[in-house]
Structures are given as C-alpha cells and as structure tokens.
Amino acid sequence: MDGGLCFLQLIDSISPLLGDEGSGWAIGHEVCVSVARAVDGLGPQTILVEMVQEFLNLENPQQLIPWTYKDLEWSRMAKIATLALRAHEKGDEVATGILERASTRLVEYAECVAKKMKWEDEFTLVLNGSLIT
C-alpha cells in the first residue's frame, strides 16, 4: 500500500435510514428534529427555529411537518444542514451539538477504515461530501 491508492467501499454509505451519520442529510434531519423539539418545548430553544422557517419560507414552524413529507428526496434535507453551520457561527449551542456529533461520527468512520486496512502509520485522508467540498 505504500504510496498507492486504496479503493474502499464506504463505511457508512448504506442509506440515510441505516447510517450516513455525519452527512448533510443526517445534519439536516437533526436540525429539523431540534426545531420540532424546541417548538414543542421538549428541547432547548435555538435560533434554528427562525432560520429553518425563513429558509423554507414557512409561515410558522408547524409547517415543517408537511414540508418534510411532501417530497422525500434526500437532498432536500441535506440543504438544511448549512443552517447548522450558520447557527453555530452565531453561537447557537444546539447547532454546535449537532455539528460535534456529526464530526465525531466522521472521525469514527476514518478510524474504522484505518483499523480495517491495518494502517498504523500516517495516511492521506480524502474527504468528500456536500458540506465538505
């Protein structure tokens, strides 16, 4: 493997329903769940409520439910992920938590690949994805 390329099946690419943690879809999904929990009083308040409402042009946060089920295309949820980045930059603790959990998952996947490939020395890690590239 020294200096060569290694082509791997992705560790976590089954689908958003069975993995894909750390992806744009997963982050967008967690943003929406956090918004619903904040609106219902089950979770902490977050600026993501207003940001999602504005981004999706919703009259009220409750319209997130029909928006979600109107079209189940994965990329729709992934587009919302960028709001977590913006809210984090504004100091929103909920958004920061979402991004920390996502980045932890990505590190776990990289470590898993390194372990499976028996890489003990330094190696080049190539990142890909809608939020990274």
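A residue is called exposed here when its relative accessible area is over 50%. In this predicted model, isoleucine 65 comes in at 56% relative accessibility, so it counts as exposed. Isoleucine 65 sits in helix α3, which covers residues 64-70. Together with Tyr69 and Leu72, Ile65 makes up a nonpolar surface patch of about 400 Å².

Turning to helix α1, this element takes in residues 24-40, 17 residues in total. From the first C-alpha to the last, α1 reaches 24 Å, close to the 24 Å expected at 1.5 Å a residue. Plenty of names turn up on its buried list: Gly24, Trp25, Ala26, Ile27, Gly28, Val31, Cys32, Ser34, Val35 and Ala38. The cover over these buried residues includes α2 (48-55), α3, α4 (74-89) and α5 (93-116). Just after α1 ends, glycine 41 takes a positive phi of about 80°.

As for ring contacts, the count comes to 1 aromatic pair. The partners are tryptophan 25 and tryptophan 74, which meet edge-to-face, with 5.6 Å centre to centre and 85° between the planes. This pair links distant parts of the chain, given that tryptophan 25 belongs to helix α1 and tryptophan 74 to helix α4, 49 residues apart. Accessibility for the two rings' residues reads as follows: tryptophan 25 has a relative accessible area of 14% and is therefore buried, whereas tryptophan 74, at 39% relative accessibility, counts as partly exposed.

Technical notes: Residues numbered from 1 in each chain as written. Predicted model: local features only at pLDDT ≥ 70, side-chain atom pairs only at ≥ 80, totals over all residues. Heavy atoms only, no water. Patch = residues over 30% accessible without salt bridge, like charges linked within 9 Å, V, L, I, M, F, W, Y side chains within 5 Å. Areas by Shrake-Rupley, 256 points an atom, 1.4 Å probe, with all protein chains shown as cover. Salt bridge = Lys/Arg side-chain N within 4 Å of Asp/Glu carboxyl O. Helix = DSSP H or I, 4+ residues; strand = E, 2+ residues; numbered from the N terminus. Buried < 20%, exposed > 50% of the residue type's maximum accessible area, 1.4 Å probe, protein only. Expected span 1.5 Å × (residues − 1). Contact = heavy atoms within 4.5 Å. Phe/Tyr/Trp six-rings, centres within 6.5 Å; stacked < 30°, edge-to-face > 60°.
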